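User: Please go through this model with me, one question at a time.

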Amino acid sequence: MNQVLIKTHQLTKRYGQVPVVNQLNLEVKGGEIFGFLGPNGAGKTTTIKMLTGLMEPSEGEAYICGYNITKESTQAKSLLAYVPDQPKLYGKLSAVEFLNLMGALYRIPKDVTRQRSKQLLDMFGLSSRADELLEGYSHGMRQKVVLAGALIHQPKVILLDEPTVGLDPASARLLKDVLQELANQGAAVFVSTHILEIAERMCHRVGILKAGQLIAQGSPEELRQNVGHGGSLEDIFLELTGSHENAELIRSLEGDSQ
Ligand SMILES: Nc1ncnc2c1ncn2[C@@H]1O[C@H](COP(=O)(O)OP(=O)(O)OP(=O)(O)O)[C@@H](O)[C@H]1O
Ligand SMILES: [Mg+2]
């Protein structure tokens, strides 16, 4: 039986009086890819930032491999990797230098870092440009460098915020294969995405967040059966998040313009 590697208990974030993440309870086991879906502003990034320890919860707790991310942050952070929605990097470093820095931060022996960096750069097709400064990289190339950096310490938990934005189809496919491999090796993968097709094909389980609350979770198949009356994940998403009302609005706008 795989262990629970990501757990939240009544996790809440408020700005002023307004909760943007509201009493969230979820669990992700090793070997699982969990898709975190929800409309813009639902609270996905806020949840991920609390799971990484970058943001303090207003209430509740988050655990990474059993360690409380606020109270045992050193242990928790050593086991997780975070791929933010914006690939911010030091422009004056080369890809190799950046990976060396990441290896040093996680206290990995230099020769191990060198070997893993080579493998990761090869895998992401960056080897021929690995000595160039990152400021000259395209958005997608930077995204891949951030991913490589996240994998250098072989994390048990990986949290990715919209990781496919900016990736070409081949790179998005590669990412999917890499995440699948990490899960096969026993890691818990937590990925927010707007691309429902990716969630459908890649995730073992998905959770749908609306206005800071988890309104549904289960395998795409379970959601289809319980909620969607056999429709696609997109239909279910639109139904649950109320976005289908927009279709009416759009139709009425079209009517106005005629
Ligand atoms: N610093 C802040 N101060 C006030 N409100 C904030 C702050 N940061 C985020 N919020 C609000 O929290 C809510 C959730 O934002 P969040 O970025 O977590 O959403 P998201 O689900 O990641 O959206 P998207 O799909 O657009 O990335 C939004 O209403 C946002 O305006
Ligand atoms: Mg976001």
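**Ligand shell, sheet and core**

The model is predicted. The residues around ligand 1 are Tyr 15, Val 20, Gly 38, Asn 40, Gly 41, Ala 42, Gly 43, Lys 44, Thr 45 and Thr 46.

User: Which helix gives the largest share of the shell around ligand 1?
Analyst: The shell around ligand 1 includes Lys 44, Thr 45 and Thr 46. The largest share of this shell, three residues, comes from the helix that spans residues 44–52, which is α1.

User: How many residues of the shell around ligand 1 are nonpolar, polar and charged?
Analyst: Among the shell residues are Tyr 15, Val 20 and Ala 42, as well as Lys 44. Glycine is counted as polar here, and the shell includes Gly 38, Gly 41 and Gly 43. The count by class is three nonpolar, six polar and one charged.

User: How many of the residues of α1 are buried?
Analyst: The buried residues of α1 are Lys 44, Thr 46, Thr 47, Ile 48, Met 50, Leu 51 and Thr 52. Two of the names, Lys 44 and Thr 46, also appear in the shell around ligand 1. After the helix comes Gly 53, with a positive phi near 85 degrees. α1 is mostly covered, and the number buried is seven of nine.

User: What is the order of strands in the open sheet of six strands?
Analyst: The edge strands, each pairing on one side only, are β6 (80–83) and β10 (213–218). On average, neighbouring strands are turned by 15 degrees against each other, direction ignored. The pairing is mixed, and the order is β6-β7-β8-β3-β9-β10.

User: In which sense do β7 and β8 pair, parallel or antiparallel?
Analyst: β7 covers residues 157–161 and β8 covers residues 188–192. Val 157 stands opposite Ala 188 in β8. The two strands are joined over five bridges, and the sense is parallel.

User: At what angle does α1 run to β7?
Analyst: α1 lies across β3 (33–37), β6, β7, β8 and β9 (205–210). Another helix, α9 (residues 233–241), lies across β3, β9 and β10 and runs at about 30 degrees to β9. For α1 and β7 the angle is about 150 degrees.

User: Which strand stands opposite β1 over eight bridges?
Analyst: Strand β1 (residues 4–15) also pairs with β4 (residues 59–64) in the antiparallel sense, over five bridges, with Thr 12 opposite Glu 59. In the hairpin, Lys 7 has Glu 27 as its bridge partner, and Tyr 15 has Val 18. Two residues lie between the hairpin strands, and Gly 16 takes a positive phi near 65 degrees. The antiparallel partner over eight bridges is β2 (residues 18–29).

User: Why does Val 157 count as buried?
Analyst: Val 157 lies in strand β7. Leaving aside neighbours within four places in sequence, Val 157 is in contact with Leu 5, Ile 6, Ile 64, Cys 65, Leu 79, Leu 80, Ala 187 and Ala 188. A residue is buried if 20 or more other C-beta atoms lie within 10 Å of its own. Val 157 is therefore buried, because the number of other C-beta atoms within 10 Å is 22.

User: How many other C-beta atoms lie within 10 Å of Ile 158?
Analyst: Ile 158 is also placed in strand β7. Contacts of Ile 158, leaving aside neighbours within four places in sequence, are Ala 81, Ala 150, Leu 182, Ala 187 and Val 189. Ile 158 is buried, and the number is 24.

User: What separates the C-alpha atoms of Ile 158 and Ala 81 in space?
Analyst: Ala 81 is one of the residues in contact with Ile 158. Along the sequence the two are 77 residues apart, while in space the C-alpha separation is 4.7 Å.

User: Which helix gives the largest share of the largest nonpolar core?
Analyst: This core has 68 residues, and those with the most contacts inside it are Ile 64, Ala 148, Val 157, Ile 158, Leu 159, Val 189 and Phe 190. The largest share, seven residues, comes from the helix of residues 139–151. Ala 148 touches Leu 99, Leu 120, Leu 121 and Phe 124, not counting residues up to four places away in sequence. The helix asked for is α5.

Terms used
Residues numbered from 1 in each chain as written. Chains lettered and ligands numbered in written order. Predicted model: local features only at pLDDT ≥ 70, side-chain atom pairs only at ≥ 80, totals over all residues. Core = buried A, V, L, I, M, F, W, Y, C linked by C-beta atoms within 7 Å. Buried ≥ 20, exposed ≤ 12 C-beta atoms within 10 Å, placed from the backbone. Helix = DSSP H or I, 4+ residues; strand = E, 2+ residues; numbered from the N terminus. Contact = placed C-beta atoms within 7 Å. Near = placed C-beta within 6 Å. Pairing = 2+ DSSP bridges. Axes fitted to C-alpha atoms, helices over the stretch in contact; angles between N-to-C directions.
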